[in-house]
Amino acid sequence: MSHYPALRLRRTRSSAWSRRLHAETLLTPADLIWPLFVTEGEGVEEPIASLPGVSRWSVDGIVARAKDAAAAGIPCLALFPNTPVELRTEDGGEALNPDNLMCRAIRAIKDAVPEIGVLTDVALDPYTAHGHDGLVDAAGYVLNDETAEILVGQALNQARAGADVIAPSDMMDGRVGLIREALEDEGFVNVQIMAYAAKYASAFYGPFRDAVGSRGLLKGDKKTYQMDPANAEEALREVALDLDEGADSVMVKPGLPYLDIVRRVKERFEVPVFAYQVSGEYAMIEAAAAAGAGDRDALVLETLMAFKRAGCSGVLTYHALHAARLMGA
Ligand code: PBG
């Protein structure tokens with residue numbers, strides 16, 4: 001072999017058909033979960049300033065978005081409520097109300113678009129007066145076991161309304177096992193649990209807290225329950241526990257800054273792994289595109305492909321509808 005170079009890796013890249021043929025990773029609308037924010041009223045759309053292009057919708061608007069999503073091939077929605085401030089209390093009791101905003105949205109979607117999956121967040125932050133995911137004691141510490149008990153009630157409330165996937169995002173210890181047991185006891189044998197297993201105390205959640213109205217209320221930070229961004233071994237322990245307690249799939253959150261965690265979880269456990277490309281990541285892409293730093297559509301598709309390449313089964317992203325339509329085009 002005297003030829004130079006011995007191997008030309010550019011050869012398979014030299015035409016569009018060949019690049020398609022050699023693509024190792026496939027990105028399709030079926031990889032997307034679309035997070036939506038629900039608000040009270042009818043015919044209401046409230047744009048979220050820190051999340052340009054994303055709005056809160058009243059239940060009728062949410063149903064219309066569910067139809068858009070189904071038509072674009074998106075398999076699942078994730079719902080988050082903007083609870084009216086007068087219903088937010090110290091113990092987040094509105095989370096247990098069978099007729100709360102979330103339950104009404106779930107029922108309306110399952111009624112109008114039964115073929116789409118509905119994932120619901122389990123955590124008390126959209127319902128508490130202090131913006132924390134659980135009950136706080138006099139010193140401001142978020143109580144684990146007392147909170148977990150309420151979360152079980154919240155999960156059952158969502159399952160009874162028709163939720164397909166229960167997604168605990170609160171980071172309390174032991175709650176996945178308790179929720180699984182309660183679901184089994186009530187006969188919800190096919191309701192899935194997607195555990196926010198490795199959820200970090202991140203600076204990327206700001207626009208989300210605007211969207212659910214908890215940013216101004218939040219006292220302190222969430223570092224006593226969400227993970228330290230310095231830690232990866234601990235993420236593997238979190239995942240191991242949640243799987244052991246009965247999670248069907250696990251989530252890593254935020255997304256792009258934590259692709260190393262996605263990869264390690266996938267290689268170690270060989271289970272379905274999802275990532276949440278969170279609100280601050282969405283805002284960064286939008287800001288970059290608006291500043292002329294990159295092409296918006298290309299940035300969106302490249303970042304989503306990166307999640308797939310890292311080992312994700314799917315991605316929660318606010319770009320879901322736009323991305324699905326780009327892929328379908
Ligand atoms: C609530 C919850 C948060 C997000 C999803 N569920 C915020 C938080 O933990 O403070 C963030 C999602 C995003 O930023 O897009 N437990």
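User: Which residues touch the most other members of the largest nonpolar core?

Analyst: This is a predicted model, and its largest nonpolar core has 96 residues, with Val38, Leu77, Leu79, Ile166 and Met251 touching the most other members. Helix α4 (residues 144-161) gives the largest share of this core, seven residues.

User: What makes that set a nonpolar core?

Analyst: Its members have to be buried residues of types such as Val, Leu, Ile and Met, joined through C-beta atoms within 7 Å. As general background, nonpolar side chains tend to be buried together in soluble globular proteins.

User: What is Ile166 in contact with, leaving aside neighbours within four places in sequence?

Analyst: Thr120, Val122, Ala155, Gln158, Ala159, Ile179, Val191, Gln192 and Ile193. A contact here takes C-beta atoms within 7 Å.

User: How do you know whether the radius of gyration agrees with a compact globule?

Analyst: Set it against the rule: a compact globule of 329 residues would come out near 20 Å, and the protein has 20 Å, so the two agree. The C-alpha atoms fill a box of roughly 75 × 45 × 40 Å along the principal axes. Inside that are 11 helices and 10 strands, and 45% of the residues are buried. Of the contacts with a separation of 6 or more, 74% join residues 24 or more positions apart.

User: Where does UniProt place the feature "active site"?

Analyst: At Lys199 and Lys253, according to an unreviewed UniProt entry. They are spread over 55 residues of sequence but cluster in space, with a largest C-alpha distance of 4.9 Å. Lys199 is found in strand β7 (residues 192-199), while Lys253 lies in strand β8 (residues 249-253).

User: Why is Lys199 called buried or exposed?

Analyst: The cut-off for buried is 20 or more other C-beta atoms within 10 Å. Lys199 has 27, so it is buried. Lys253 has 23 inside that distance, so Lys253 counts as buried too.

User: What do Lys199 and Lys253 touch, beyond four places in sequence?

Analyst: Lys199 touches Ser169, Met171, Gln226, Met227 and Lys253. From its own side, Lys253 is in contact with Tyr196, Lys199, Tyr200, Ala275, Tyr276 and Val278.

User: Which residues surround the ligand?

Analyst: Asp121, Ala123, Asp125, Asp133, Ser169, Asp170, Tyr205, Phe208, Arg209, Lys222, Val278 and Ser279. By class, that shell has six charged, four nonpolar and two polar residues. Ser169 in the shell is also touched by Lys199, and Val278 in the shell is in contact with Lys253.

User: What about Glu238: buried or exposed?

Analyst: Glu238 has 23 C-beta neighbours inside 10 Å, so it counts as buried. It lies in helix α7 (residues 233-244), and the unreviewed UniProt entry puts a "binding site" feature there. Leaving aside neighbours within four places in sequence, Glu238 is in contact with Ala197 and Ala198.

User: Why does Leu301 get the label it has for burial?

Analyst: Buried needs 20 or more, exposed needs 12 or fewer, and partly exposed is in between. Leu301 has 17 C-beta neighbours inside 10 Å, so it counts as partly exposed. Its place is in helix α10 (residues 296-310).

User: What does Leu301 touch beyond four places in sequence?

Analyst: Ala323 and Leu326. As for His322, 21 residues from Leu301 along the chain, the two C-alpha atoms are separated by 9.9 Å.

Note on methods:
Residues numbered from 1 in each chain as written. Predicted model: local features only at pLDDT ≥ 70, side-chain atom pairs only at ≥ 80, totals over all residues. Helix = DSSP H or I, 4+ residues; strand = E, 2+ residues; numbered from the N terminus. Contact = placed C-beta atoms within 7 Å. Near = placed C-beta within 6 Å. Nonpolar A, V, L, I, M, F, W, Y, C, P; charged D, E, K, R; others polar. Rg over C-alpha atoms; globule rule 2.2 N^0.38 Å. UniProt positions renumbered as here; feature names shortened; annotations may be inferred.
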